[in-house]
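Grab your favourite viewer and work through these exercises one at a time. Each has a task followed by a worked solution, so try the task before reading on.

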There are 2 protein chains.
Amino acid sequence: MGEFELIRRYFQPIADSLPSGALMLGPGDDCAIQRIPADHDLVFSIDTVVEGIHFPEAFPADHLAWRALAAAASDLAAMGAEPVCFTLALTFPAADEQWLSDFARGLADAARTFRLSLAGGDTTRGPLTLSLQVHGTVPRGTGIRRSGAQVGDLICVSGTLGDAGAALDYLDEQQPSDDAKAVLKRYHHPCPRLELGQALAGIATSAIDISDGLLADLGHVLEASGAGATIDLSTVPLSPALRRLKGDQALGFGLRAGDDYELCVTIPPSRWSSVPEAIGQHLTVIGAIEAESGLRLTGGSAKIDDAGTGFDHFRRES
Amino acid sequence: MGEFELIRRYFQPIADSLPSGALMLGPGDDCAIQRIPADHDLVFSIDTVVEGIHFPEAFPADHLAWRALAAAASDLAAMGAEPVCFTLALTFPAADEQWLSDFARGLADAARTFRLSLAGGDTTRGPLTLSLQVHGTVPRGTGIRRSGAQVGDLICVSGTLGDAGAALDYLDEQQPSDDAKAVLKRYHHPCPRLELGQALAGIATSAIDISDGLLADLGHVLEASGAGATIDLSTVPLSPALRRLKGDQALGFGLRAGDDYELCVTIPPSRWSSVPEAIGQHLTVIGAIEAESGLRLTGGSAKIDDAGTGFDHFRRES
C-alpha cells in the first residue's frame, strides 16, 4: 500500500469529519491554506515524540495519537489561543493496517475533542516518530507569553499535578487498582486546558503549560520574565489518588513530573479578586512572583529525586 | 548539553539573523506568533526526511539541512507563495557538536537564501529525522492548486530535469568529473523556484513541484484536475551533463527522477503568448492537457526502469 493510499484510507476521513471554515485547502495539495480572521494572529507550535524516548515500545496506537495531539494542543492553551488545525508528520516502520487503524481512531477522537482540523501531513518510513504542528488564532496582541510575569503576581496552577508522571509505574499493570486507573487515565488521555487558556487571555500576565514538571516550567517563566518566586509547597494541588499511591513522594511528583498538561499562570492580585468563578474554580494559588531571582520553596519539604522520570523528555536523559 | 542549551547555541542565531516583520514572536515560548497581512492567506506544508530512507548515513550535515529546507520550500514555490518562516523538528541520536555546528551552518545558508525565518522547533533524541514546516503567504484566492488544469492548457516545466536523480551514482566519487560535479551540485544544493512560482500566480492554472519525478507529479495534477495529457518526449529539457553521463538513459532520469525541485505548471495558450520573457525563459512547453484521461507519451521512447531509484521516497520502497 503506497503513501497516497495510506493517507486516503486512514487520514482523509479525519480531515473530512471536522471541516474548518478557516481551512481553505486541506490535505492533498503541495500546501494547505488557512485564512486568519481580520485582527487576529496565527499562533503555532511543533512537537515531536519518539518511540523509546517519549513513549514505550508497543504503546497502544490510539493512546499514542491522543497523547501526541494533546501535548501539542496544550501549547495553544498556554498562549490563550483558539485551536484551528494541525499537520501530522508520521514516520513508521511498516504499513501495519491494524496499527494505522487504531492510530487514526485515536487521532480522530482527539482532533474532534480539541477542535483541530487535520490540514495536511507527510508519511514516511522509518523509526516510529510523530511530529505534530498545531495552529490556533488569538486576537492581535492577546497571546499570553512566558515573559509577562510581574513582581507581586500570584502564581496559579490548574487542576492537580503529578498524576500522569505517577502513572508510569502502572503502565504494565494487568489489574490496576482504582487509584492506579485514575492516574493512568490522566497519562493516556490528557486534556489540554484549551478553554481555560482562552478565558485567561487578558487576565493572566504569563502562562506556560506544565509538560516538563512544575519546577522546570515555572523556571522558564521566571527566566523569561526576569523574576523570582516563592512557592508554598503545602498548597500544591495533588489528587487523592496520587496521595494514596505515592504517600510522602506525592509532592515530588506534583513538583517534578510532567505530562499532566495543566497550566501555570501568573495573575496580578488586583485581577485575581475579580476573576469569574467559572475560571477561578480551576485554579489554585501556590505562590507569588518576587523581584529576587531564584525559586524558593516554603511550607514543607519534598522527596523529589525519584519522581518524574521514565519515558520522558530529551534533556532528562542527557 | 541540554535541549535548551543546544537550541540557544546553534539555532537562536539563525532565528536572530533573519528577523521577519511578520513574525511577532519567534522561538522560546510555548508557541510562535505570525501576523498575516490583510487580504492574504497563510500557506503551509510539512515535510519529513529520515536517515537511511531519504538520505544515506553519514550524509554531510550542512548539505542535509540545505536539502531538507529546499524540499520544504519548494512546496511554497508550487503554490506561488511568498516565503515567511519555518519550524524545525530535529531528532538526532546524540549531541555531536561538530555535526550540529555543520547542520546549523547549512540551515542558516538555506534560510537566508530562501528568505525563511526560523520561527520555532523541537529537538528530541532518537534516530536522525527532520520534519520542517514552511509558512508562506498568498494574496487571498491566488494560491496555485493542483486541481486547476484545463483542457487545452500547455504543460510547462522549469529548468532541466533528472540531474539530481543521476547524482546518486556519484555521491561517493572521490574525484568526480565536471559533469558529475554539475549533477552533484543540483543534488546537494537544490534551489526551489520561489520567485518563479510567485511570478506564475495569476498565469498558471495549476502547479506542482517535481519532487517525485515528472511522470508521478504530473499524474497528481491530472488526477486532481480530472484530465489527461500528452507529453512530447523530445521536448523534455535535459542538461548537457545528464545527456553525457547517462546517454540513452538520460530521458528516463528526466521523466522519473525526483529531487530537482523544478516546477511543472499548466498555462492556457492565450496567456502563454503574453507571458513576460523574464518568466518564459525559465519554462519549456512539453505537452498539453487533454480531456481523455491518462498520460500519453509521444516523440520517442525512454528507458525508465532503472532511473530515479535510490535514497528516495516512501512509496518507491513499499
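**Exercise 1: the domains of chain A**

Task: Find how chain A is divided into domains, and describe how domain 1 of chain A meets domain 2 of chain A.

Solution:
- Step 1. Start with the bounds: chain A splits into domain 1 (3-139) and domain 2 (146-308). Keep in mind that you're looking at a predicted model.
- Step 2. Check the spacing. The C-alpha centres of domain 1 and domain 2 of chain A are 26 Å apart.
- Step 3. Go through the contacts: 19 residues of domain 1 of chain A touch 17 residues of domain 2 of chain A.
- Step 4. Now the area. Interface size is often quoted as the accessible area lost when the parts come together. Here, domain 1 and domain 2 of chain A bury about 1600 Å² between them, with 64% of it on carbon and sulfur atoms. On the domain 1 side, A:Trp66, A:Arg67 and A:Ala77 lose the most area to domain 2 of chain A, together 33% of what that side buries.

**Exercise 2: polar links between the domains**

Task: Work out how many salt bridges there are between domain 1 and domain 2 of chain A, and which element gives the most residues to the domain 1 side.

Solution:
- Step 1. The count between domain 1 and domain 2 of chain A comes to 1 salt bridge.
- Step 2. Look at A:Arg67 and A:Asp259: their side chains form a salt bridge, 3.5 Å from N to O. That passes the test, because the cut-off for such a nitrogen-oxygen pair is within 4 Å.
- Step 3. Add the polar contacts: 4 residue pairs between domain 1 and domain 2 of chain A, both residues at pLDDT 80 or more.
- Step 4. Turn to the elements. Helix 2 (61-79) and strand 4 (82-92) of chain A each give two or more residues to the domain 1 side that touches domain 2. Helix 2 of chain A gives the most, with 11 residues.

**Exercise 3: strand 9 of chain A**

Task: Decide whether strand 9 (residues 228-232) of chain A is largely enclosed or not, then trace its pairing through A:Gly228.

Solution:
- Step 1. Of the 5 residues of strand 9 of chain A, 4 are buried, so the rest of the structure largely encloses this strand.
- Step 2. On the parallel side, 5 bridges tie strand 9 to strand 12 (residues 294-298) of chain A. There, A:Gly228 has A:Gly294 as its bridge partner.
- Step 3. Strand 9 of chain A also pairs with strand 11 (residues 283-290) of chain A, in the antiparallel sense and over 4 bridges. In strand 11 of chain A, A:Glu290 stands opposite A:Gly228.

**Exercise 4: chain A against chain B**

Task: Put numbers on the contact between chain B and chain A.

Solution:
- Step 1. Chain B supplies 65 residues to the contact and chain A supplies 65 residues.
- Step 2. The two chains bury about 5500 Å² between them, 58% of it on carbon and sulfur atoms.
- Step 3. There are 6 salt bridges between chain B and chain A. One of them joins A:Asp41 to B:Arg35, with the closest N and O atoms 2.8 Å apart.
- Step 4. Strand 3 (residues 40-50) of chain B gives the most to the chain B side, with 9 residues.

**Exercise 5: a glutamate in chain B**

Task: Is B:Glu262 buried or exposed?

Solution:
- Step 1. Locate B:Glu262 in strand 10 (residues 262-267) of chain B.
- Step 2. B:Glu262 has 4% relative accessibility, so B:Glu262 counts as buried.
- Step 3. Find a polar partner: the side chains of B:Glu262 and B:Arg186 are joined by a polar contact of 2.7 Å.

Terms used:
Residues are numbered from 1 along each chain as its sequence is written. Chains are lettered from A and ligands numbered from 1 in the order in which they are written. This is a predicted model: local features need pLDDT of at least 70, side-chain atom pairs count only at pLDDT 80 or more; totals for chains, interfaces and linings use all residues. Side-chain values use heavy atoms; hydrogens and water are left out. Buried means under 20% relative accessible area, exposed over 50%, partly exposed in between (1.4 Å probe, protein chains only). Two strands pair if DSSP finds at least two bridges between them. Domain bounds come from an automatic or database domain assignment. Contact means heavy atoms within 4.5 Å. Buried area is the accessible area (1.4 Å probe) that two parts lose on being put together, summed over both. A polar contact is a pair of N or O atoms within 3.5 Å; within protein, one must be able to donate a hydrogen and the other to accept it, and residues adjacent in sequence count only if both atoms are side-chain atoms.
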